[in-house]
2 protein chains.
Amino acid sequence: MGRPGLNRRDVIAAAADLADELGFDAVTVSVLARHLGVRSPTLYSHISSLTDLRTDVTAYVLHELADATTAAMADRSGRDLLVAYADATRDFARRSPGRYDATTRQRVPAVAGADAPPSLADAIAAGRRNADLALAVTRSYGVAEADETYAVRLMSSLIHGYISLELAGSFAHRDPSAESTWPNVLADLDVALARLANVTGQPKT
Amino acid sequence: MGRPGLNRRDVIAAAADLADELGFDAVTVSVLARHLGVRSPTLYSHISSLTDLRTDVTAYVLHELADATTAAMADRSGRDLLVAYADATRDFARRSPGRYDATTRQRVPAVAGADAPPSLADAIAAGRRNADLALAVTRSYGVAEADETYAVRLMSSLIHGYISLELAGSFAHRDPSAESTWPNVLADLDVALARLANVTGQPKT
DNA sequence: CGAGTTGCCTACAAGATGTAGGAAACCTAG
DNA sequence: CTAGGTTTCCTACATCTTGTAGGCAACTCG
């Protein structure tokens with residue numbers, strides 16, 4: 001069935017690796033082609049444009065993140081679940097900063113337009129997977145349905161904000177280390193979620 | 001003293017406006033030149049490179065943000081100070097999303113290397129101004145010196161995270177609106193800071 | 001072994017950053 | 001009013017980028 005060689009998935013995976021190595025902005029057709037040992041036009045057999053490539057990477061990486069977080073969250077609940085979720089997210093970001101950047105730097109709307117490329121639809125689906133994982137954490141705390149959205153926003157904002165500033169280097173060059181204040185973040189988040197659950201809902205387990 | 005025309009400040013201010021209009025990534029030499037009605041090489045009399053231009057914009061915008069926040073914080077303390085600080089930051093980001101992006105997308109180390117361009121030194125100084133404003137909020141709460149760094153990180157992470165996700169559209173298409181959950185964020189942040197102040201320090205006012 | 005499919009290539013158009021060198025406009029001195 | 005110096009802006013160019021067009025070569029399947 002034709003000549004073997006690169007396929008679409010190889011190209012996207014290589015692009016994700018390139019993002020970690022040189023930064024998400026460095027993911028360009030020409031740089032990626034050089035890394036793969038082919039000429040630039042070759043890649044256009046597998047992707048449709050640079051914009052599309054980046055959206056592909058975002059979708060691919062969002063799925064990787066959801067996989068990692070899902071694995072870490074297995075068989076946990078309450079505070080353990082929160083810590084597993086948050087640690088898995090932060091570990092992913094620190095191990096793969098370029099991949100993590102891809103999850104935030106690429107605009108992913110909640111709903112795709114009619115003429116949206118398949119890569120965007122996939123990114124949206126992958127984004128939903130991650131959102132559902134965050135929801136699972138707040139559900140485990142027993143946050144009432146009316147407060148769920150806020151609880152997810154609070155948790156996501158704090159975790160993403162901390163990771164984002166840590167990766168940007170904002171916490172370097174000042175004691176204590178970013179590593180050692182992270183447990184405090186989790187503790188405060190635990191308190192806030194528990195409070196939210198007690199205000200309007202009934203605590204679970 | 002020579003022919004009048006654009007100066008460095010004009011160019012940087014126009015670049016900041018362009019970032020708000022088209023996004024920080026769209027701030028390029030050629031696009032900026034077209035907007036200013038000159039040819040691309042002209043701009044190289046005022047800036048030294050695209051990278052430098054972007055660092056210039058970051059420094060310029062960080063100063064604008066510090067100015068806005070400082071004005072909003074005048075004659076306030078405690079919870080009022082927190083709300084003024086957080087609202088001013090979020091208002092700035094919503095009114096000028098491209099400018100806000102510039103403050104985060106451009107890597108600004110805490111200390112400049114020996115061969116750092118002047119634009120980077122200025123960005124570092126401007127970054128320090130903003131950090132000092134955050135510190136003023138936690139001081140007003142009476143957070144003990146040992147917990148100051150954590151308090152600033154908690155506050156900055158949550159505020160930046162919320163703004164960042166809101167601007168990315170992560171809070172759209174789901175009720176309640178990003179606008180209406182913001183006060184809850186401020187309330188939870190107030191609780192967390194007050195708790196921090198009571199644990200090891202003495203409350204102020 | 002033949003045919004179809006597929007991947008990669010060269011060649012090219014359009015536009016980006018950045019450099020070199022020169023022309024035009026302005027301010028200040030005389 | 002004129003001459004000199006300064007500064008801005010320009011054209012021309014080298015190099016690299018994205019993206020398109022068309023063709024060649026390699027592999028699979030019948």
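Here are some exercises with worked solutions on a predicted model with chains A and B.

**Exercise 1. Get your bearings in chain A**

Task: Find out how many helices and strands chain A has, and how far its C-alpha trace spans.

Solution:
- Start with the count: chain A has nine helices and zero strands.
- Next, walk along the sequence, and the pattern reads α-α-α-α-α-α-α-α-α.
- Finally, take the principal axes: the C-alpha trace of chain A covers about 60 × 45 × 30 Å along them.

**Exercise 2. Check the length of two helices**

Task: Work out whether the end-to-end reach of α4(A) agrees or disagrees with 1.5 Å a residue, then look at α7(B) in the same manner.

Solution:
- Helix α4 of chain A runs over residues 50–73, which gives 24 residues.
- At 1.5 Å a residue, those should span 34 Å.
- The end C-alpha atoms of α4(A) are 34 Å apart, so the two values agree.
- Now go to helix α7 of chain B, residues 118–141, also listed with 24 residues.
- From first C-alpha to last, α7(B) reaches 36 Å, close to the expected 34 Å.
- Have a look at what comes afterwards, too: α4(A) is followed by A:Asp75, with a positive phi near 60 degrees.
- Just after α7(B) sits B:Gly142, and its phi is positive as well, about 85 degrees.

**Exercise 3. Describe a helix pair in each chain**

Task: Decide whether α1(A) and α6(A) are roughly parallel or roughly perpendicular, and list the residues that make their contact.

Solution:
- A good plan comes from the usual description: two packed helices are described by the angle between their axes and the distance between the axes.
- In chain A, take helix α1 (residues 8–22) and helix α6 (residues 97–105): their axes come within 6 Å and cross at roughly 105 degrees.
- Angles of 65 to 115 degrees count as roughly perpendicular, so α1(A) is roughly perpendicular to α6(A).
- On the α1(A) side, the contact is made by A:Ala13, A:Ala16, A:Asp17, A:Ala19 and A:Asp20.
- On the α6(A) side, A:Pro97, A:Gly98 and A:Arg99 take part.
- Sort these residues by class, and you get four nonpolar, one polar and three charged.
- Over in chain B, α1 (residues 8–22) and α6 (residues 97–105) pack at about 105 degrees, with axes 6 Å apart.
- α1(B) and α6(B) are therefore roughly perpendicular to each other.

**Exercise 4. Look across the interface**

Task: Find how many residues each chain brings to the contact, how much area is buried, and how many salt bridges cross over.

Solution:
- Count the residues: 32 come from chain B and 32 from chain A.
- Then take the area: about 3,000 Å² is buried between the two chains, and carbon and sulfur atoms give 55% of that.
- Two salt bridges cross the interface of chain B and chain A.
- A pair to look up is B:Arg195 with A:Asp188, whose side chains meet in a salt bridge at 3.0 Å, N to O.

**Exercise 5. Follow a salt bridge inside chain A**

Task: Locate the helices that hold A:Asp190 and A:Arg79, and say how many residues apart the two are.

Solution:
- The structure as a whole holds 28 salt bridges over all chains.
- In one that joins A:Asp190 with A:Arg79, the closest N and O atoms are 3.5 Å apart.
- A:Asp190 belongs to helix α9 (residues 178–200) of chain A, and A:Arg79 to helix α5 (residues 78–95).
- The two residues are 111 residues apart, and the pair links distant parts of the chain.

**Exercise 6. Spot the unusual backbone**

Task: Find where A:Pro176 and A:His173 lie, and say what is special about their backbone.

Solution:
- Keep the background in mind: most residues other than glycine have a negative phi, and most peptide bonds are trans.
- A:Pro176 lies in the loop between α8 and α9 of chain A.
- The peptide bond from A:Asp175 to A:Pro176 is cis, with omega near -5 degrees.
- A:His173 has its place in the loop between α8 and α9 of chain A, and its phi is positive, about 60 degrees, although it is not a glycine.
- In chain B, a cis peptide bond joins B:Asp175 and B:Pro176, with omega about -5 degrees.
- B:Pro176 is found in the loop between α8 and α9 of chain B.

Definitions and conventions
Residues numbered from 1 in each chain as written. Chains lettered and ligands numbered in written order. Predicted model: local features only at pLDDT ≥ 70, side-chain atom pairs only at ≥ 80, totals over all residues. Heavy atoms only, no water. Helix = DSSP H or I, 4+ residues; strand = E, 2+ residues; numbered from the N terminus. Expected span 1.5 Å × (residues − 1). Axes fitted to C-alpha atoms, helices over the stretch in contact; angles between N-to-C directions. Parallel < 35°, antiparallel > 145°, perpendicular 65-115°, else oblique. Contact = heavy atoms within 4.5 Å. Buried area = accessible area lost by both parts, 1.4 Å probe. Salt bridge = Lys/Arg side-chain N within 4 Å of Asp/Glu carboxyl O. Nonpolar A, V, L, I, M, F, W, Y, C, P; charged D, E, K, R; others polar.
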